[in-house]
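The following paragraphs guide the reader through selected features of one protein model. Please keep the sequence and the structure in view while reading.

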Amino acid sequence: MQPTSDFDAGRLTRSLLRRSRQGALATLVAGTGDPYCSLVNLASHPDGSPILLISRLALHTRNILGDARVSLMLDERAEGDPLEGARIMLAGRAEEAGADQLEVLRRRYLSAHPSAEAFVDFKDFSFFRIRPTGAHLVAGFGRIVDLEPEQFLTDISDAGALLEAEPGAVEHMNADHRDAIGLYATRLLGAGAADWSCTGCDPDGMDLQAGTATLRLDFPERVTSPGELRKMLVRLAGEARAKE
């Protein structure tokens, strides 16, 4: 089934990856290869790939350590019939984070799940990152598409300066420009008024969160440096204020 011409499958898949905070993780039982499915919390890497914080005491973790192949189901949690909402099945390999990855994975995960501070340092918990090999998107009639990773992951190869500045940018926005974040959510994205905060930014956009609600603010053009990010956020704040 082919998508309609006005449908951007890659953009919707990226949005689901960025907005999702829970998903159904399928692993293979060590020794038998039987399928096993569990509910997990997740966040997203700057490139959009999922981040997991899981315990070695959990069966899904033991399964991953025996066979890294996994799939992850994410959906929009649409009101009414859940099958009316978009969902993706992401296939890939779950890799335990090395020391060089821990800082960014920890920061972005805790930004999305602050309550995890209570157990993040427990010895049995480790960060894993799912490296996607493909995605199957179902978004309604005529909108069922198989995608390669390069069609939905964010290219960060040219954005080293932006990613280095991201922690400070997120802290600055949340501390000094909470009003602008609220305008992005309510006037640009049509969300209700709430205590919206920024949980991360990347070349393609910014992630917003208020309690369990999440939003994705896509940038009209890619940004790859702190200066470009600052100009983009000022521009979008101006557009939001103009919608009064």
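**Helix crossing, hairpin and enclosed spaces**

H5 passes H6 in a left-handed crossing. The model considered here is a predicted one. The axes of these two helices come within 9 Å and cross at roughly 55°. Angles under 35 degrees count as roughly parallel and those from 65 to 115 as roughly perpendicular; H5 and H6 are therefore oblique to each other.

Both helices also take part in a pocket. The second largest pocket holds about 300 Å³ of space. Its lining consists of 14 residues, and His172, Met173, His177, Arg230 and Leu233 are those that lie nearest the centre. Two or more lining residues come from each of helix H4 (160-176), helix H5 (178-188) and helix H6 (226-241). H6 gives the largest share, with seven residues. By class, 10 residues of this lining are nonpolar, two are polar and two are charged.

Attention may now turn to a pair of strands. Strand E10, residues 205-210, pairs with strand E11, residues 213-218, in the antiparallel sense, and six bridges join them. Within this pairing, glycine 205 stands opposite aspartate 218 of E11. The two strands form a hairpin with two residues between them, and glycine 211 in the turn has a positive phi of about 65°.

The hairpin leads on to the largest pocket, since E11 and helix H1 (9-19) each supply at least two residues of its lining. About 480 Å³ of space lies in this pocket. Of the 18 residues that line the largest pocket, Arg19, Arg21, Gln22, Thr212 and Thr214 lie nearest its centre. The lining comprises five nonpolar, eight polar and five charged residues.

There remains the question of closed space: how many cavities of 30 Å³ or more does a search of the whole structure find? The search finds one. The largest cavity has a volume of about 50 Å³, and its lining is made up of Arg21, Ala43, Ser44, Arg108, Ser111, Ala112, Thr199 and Asp207. Arg21 thus appears in the lining of the largest cavity and also among the residues nearest the centre of the largest pocket. Strand E3 (43-44) and helix H3 (102-112) each contribute at least two residues to the cavity lining, and the largest share, three residues, comes from H3. Sorted by class, the lining of the largest cavity has two nonpolar, three polar and three charged residues.

Terms used
Residues are numbered from 1 along each chain as its sequence is written. This is a predicted model: local features need pLDDT of at least 70, side-chain atom pairs count only at pLDDT 80 or more; totals for chains, interfaces and linings use all residues. Side-chain values use heavy atoms; hydrogens and water are left out. Two strands pair if DSSP finds at least two bridges between them. Helices (H or I, at least four residues) and strands (E, at least two) are DSSP runs, numbered from the N terminus. On a 1 Å grid over the protein atoms alone, a cavity is a set of points where a 1.4 Å probe fits but cannot get out, and a pocket is an open set with protein on both sides within 12 Å along at least five of seven lines; lining residues have an atom within 4 Å of a point. Grid points are joined across faces, edges and corners, and a volume is the space filled by probe spheres set on the points. Ala, Val, Leu, Ile, Met, Phe, Trp, Tyr, Cys and Pro count as nonpolar, Asp, Glu, Lys and Arg as charged, and the others, Gly among them, as polar. Axes are lines fitted to C-alpha atoms, for helices over the stretch in contact, and angles run from 0 to 180 degrees between N-to-C directions. Angles under 35 degrees count as roughly parallel, over 145 as roughly antiparallel, 65 to 115 as roughly perpendicular and the rest as oblique. A crossing is left-handed if the near helix is turned anticlockwise from the far one by less than a right angle, and right-handed if clockwise.
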